[in-house]
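Q: I'm new to this structure and would love a close look at a single part of it. Could you walk me through one chain in a connected way?

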Amino acid sequence: MRSVSTRRLVVVGLLVALVLAGVVSYYASSHPDGLNYVAEKVGFLSTGRRHATDGSPFAGYSTRGVGNARLSGGLAGVVGVLVVGLVGGGLAWLLRRRGHGPSEDRR
Amino acid sequence: MHVPDGFLDAPTSLATAGVAAVGVVSALVGAARRELDDRTAPLAGLVAAFVFATQMLNFPVGAGTSGHLLGGALAAVLVGPCTATLCLTVVLLAQALLFADGGLTAIGTNITLMGLVGVWVGWLTFRGVQALLPRRVGMVVPAAAVGAFLSVPVAALGFVALYAVGGQAPIPLDRLATAMVGWHLLIGVGEAVITALAVSSIVAVRPDLVHGARKVLQQRELVVREEVRA
């Protein structure tokens, strides 16, 4: 099988993540997740407090000031993927061992 | 499974913050020493971004409830458990700070449940299943799926345990445990399917980048060399 370069793999993977968060997320189920559903049924959902960052421009995965639900959620998703990818990737890049990987060392 | 502010009392939230801090610092050390190098570091950023994107995709599990990928097992198999803890931590911090998903006082609880319990249960189960199956690269995918499946109900049980210690409402714990584990067994099936799809697509194109396939690939390499020498 033809090998895919790491750069190409990461670029394609990021595009997939952007499409999932930016477009597909609109079609996600809006039912409460397992924990919130159980909290409601068992009777402690009301102990949950309003979120301290409810004032964030992207609170609740929607973009403040953008009326169109599809666009508002999609923008929030794209911002999230880029922020998480940059921070996560940057952290990994800072922590990495310089030079070759462990498998190359033994060659 | 993002715990909001107010479900757990302050001492419990403080304790989980301590656990999370120790876990994340250990993960920083472990990832730097054993997991991340020039080849694998770019994949870590991709995994974090992918877990974030997939956590937005709630799938229905019936009766008006839904679930989404936790991603602990997925990340651990692809980039190693310490790096996976870091990826999940970045995802959870972004969700709490930017998207108001998961409480700020509950950030330690959420890192503990999803970034430590989810990741390590997924990883250790993966290793256990891998040891039972034939030593082939193709076996990485089913082993990852089993790890992913089990990681979800165990993380849910982790929440029940925390609630038993510091829950803010007097509720019957047996009912909580039954409901949490029951629903999260179903969500675990979705976790297993998504994890299998994601891991198999990376294994198909670049098995050498998959942390969970390292042992199998190294062994195969040794066998090939002996044959060449003979």
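A: Happy to! Let's take chain A, and please keep in mind that this is a predicted model. A good place to start is the surface: chain A exposes about 6,400 Å², and carbon and sulfur atoms supply 61% of that area.

Turning from the outside to the inside, chain A has 107 residues, of which 40% count as buried.

What is the chain built from? You will find four helices and zero strands in chain A. If you follow the sequence from start to end, the pattern reads α-α-α-α.

Next, let's see how parts of the chain meet. Take the contacts in chain A with a separation of 6 or more: residues 24 or more positions apart account for 40% of them.

How confident is the predictor here? The average pLDDT of chain A is 89, and 90% of the residues score at least 70. One stretch deserves some care, though: over residues 103–107 of chain A, the pLDDT is below 50. Beyond near neighbours in sequence, residues 103–107 have eight contacts in the model.

For a companion view, glance over at chain B. There, strand β1 (residues 59–62) and strand β2 (residues 65–67) run antiparallel and are joined by three bridges. One of the residues involved is B:F59, whose bridge partner in β2(B) is B:G67. β1(B) and β2(B) form a hairpin, with two residues between them. In the turn sits B:A63, which has a positive phi of about 55°.

Methods: Residues are numbered from 1 along each chain as its sequence is written. Chains are lettered from A and ligands numbered from 1 in the order in which they are written. This is a predicted model: local features need pLDDT of at least 70, side-chain atom pairs count only at pLDDT 80 or more; totals for chains, interfaces and linings use all residues. Side-chain values use heavy atoms; hydrogens and water are left out. Buried means under 20% relative accessible area, exposed over 50%, partly exposed in between (1.4 Å probe, protein chains only). Contact means heavy atoms within 4.5 Å. Accessible areas come from the Shrake-Rupley method with a 1.4 Å probe; for residues, only the protein chains shown count as cover. Two strands pair if DSSP finds at least two bridges between them. pLDDT is the predictor's confidence in each residue, from 0 to 100.
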